[in-house]
Amino acid sequence: MAEAPIPAQKAPYRVDVEQGQRYVWCACGRSAKQPFCDGSHKAVGLTPMAFVAEKSGPVYLCGCKASGNKPFCDGTHKNL
């Protein structure tokens with residue numbers, strides 16, 4: 001059984017991405033390379049989320065791990 005994700009921080013991570021590049025967002029909150037996966041999820045049974053950047057520039061990735069629009073921030077952290 002998978003453990004619940006833990007908030008890495010109660011704010012989004014601003015990250016510059018490159019169009020066409022694949023990124024793997026940490027869904028468990030345990031990665032030391034936030035907001036990206038470092039494999040820590042293997043111990044807790046959660047799966048990271050891969051995405052390909054649609055365009056180059058800044059994106060805001062969820063830090064609280066509770067967004068309804070994962071891996072992107074939707075403001076949910078304001079209610080935690």
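**Close-up views of the predicted model**

**View 1. Pro35 sits in the loop that runs between strand β2 (22-25) and strand β3 (49-52).** In this predicted model, the peptide bond that joins Gln34 to Pro35 is cis, with an omega of about 5 degrees. A second cis peptide bond, with an omega of about 10 degrees, links Lys70 and Pro71, and Pro71 belongs to the segment after β4. As a general background to both sites, most peptide bonds are trans.

**View 2. Lys65, in the segment after β4, has a positive phi.** The phi of Lys65 is near 70 degrees, although the residue is not a glycine. For comparison, most residues other than glycine have a negative phi. Is Lys65 buried or exposed? With a relative accessibility of 3%, Lys65 counts as buried, because the cut-off for that class is under 20%.

**View 3. Strand β1, residues 13-17, has side chains that alternate between two faces.** Tyr13, Val15 and Val17 point to one face and are buried, whereas Arg14 and Asp16 point to the other face and are not buried. Strand β1 runs antiparallel to strand β4 (residues 57-61), and five bridges join the two strands. Within β4, Leu61 is the bridge partner of Tyr13.

**View 4. The largest nonpolar core consists of twelve residues.** Its members are Tyr13, Val15, Val17, Tyr23, Trp25, Ala27, Phe51, Ala53, Val59, Leu61, Cys62 and Cys64. Strands β1, β2 and β4 are the elements that give two or more residues to this core, and the largest share, three residues, comes from β1. In soluble globular proteins generally, nonpolar side chains tend to be buried together. Tyr13, Val15 and Val17, the buried side chains of β1, are all among the residues of the core.

**View 5. Cys62 is a member of the largest nonpolar core and has contacts with residues farther along the chain than four places.** When its neighbours within four places in sequence are left aside, Cys62 is in contact with Tyr13, Trp25, Ser67, Pro71, Phe72 and Cys73. Two of these partners, Tyr13 and Trp25, also belong to the largest nonpolar core, while another, Pro71, is joined to Lys70 through a cis peptide bond.

**View 6. Tyr23, Phe36, Phe51 and Phe72 form one aromatic cluster.** The count of aromatic pairs in the model comes to three. In one of them, Tyr23 and Phe51 are stacked, with 5.6 Å from centre to centre and 25 degrees between the planes. Tyr23 lies in strand β2 and Phe51 in strand β3, so this pair ties together parts that are 28 residues apart in sequence. Both partners are buried, Tyr23 with a relative accessible area of 14% and Phe51 with one of 10%. The rings of Phe51 and Phe72 are described as edge-to-face, because their planes stand at 65 degrees, with the centres 5.4 Å apart, and the cut-off for that class is over 60 degrees. Since Phe51 lies in strand β3 and Phe72 in the segment after β4, this pair ties together parts that are 21 residues apart in sequence. Phe72 counts as partly exposed, at 28% relative accessibility, whereas its partner Phe51 is buried.

Conventions. Residues are numbered from 1 along each chain as its sequence is written. This is a predicted model: local features need pLDDT of at least 70, side-chain atom pairs count only at pLDDT 80 or more; totals for chains, interfaces and linings use all residues. Side-chain values use heavy atoms; hydrogens and water are left out. Buried means under 20% relative accessible area, exposed over 50%, partly exposed in between (1.4 Å probe, protein chains only). Helices (H or I, at least four residues) and strands (E, at least two) are DSSP runs, numbered from the N terminus. Two strands pair if DSSP finds at least two bridges between them. A nonpolar core is a set of buried Ala, Val, Leu, Ile, Met, Phe, Trp, Tyr and Cys residues joined through side-chain atoms within 4.5 Å. Contact means heavy atoms within 4.5 Å. Rings of Phe, Tyr and Trp (its six-membered ring) pair if their centres lie within 6.5 Å; planes under 30 degrees apart count as stacked, over 60 as edge-to-face and the rest as tilted.
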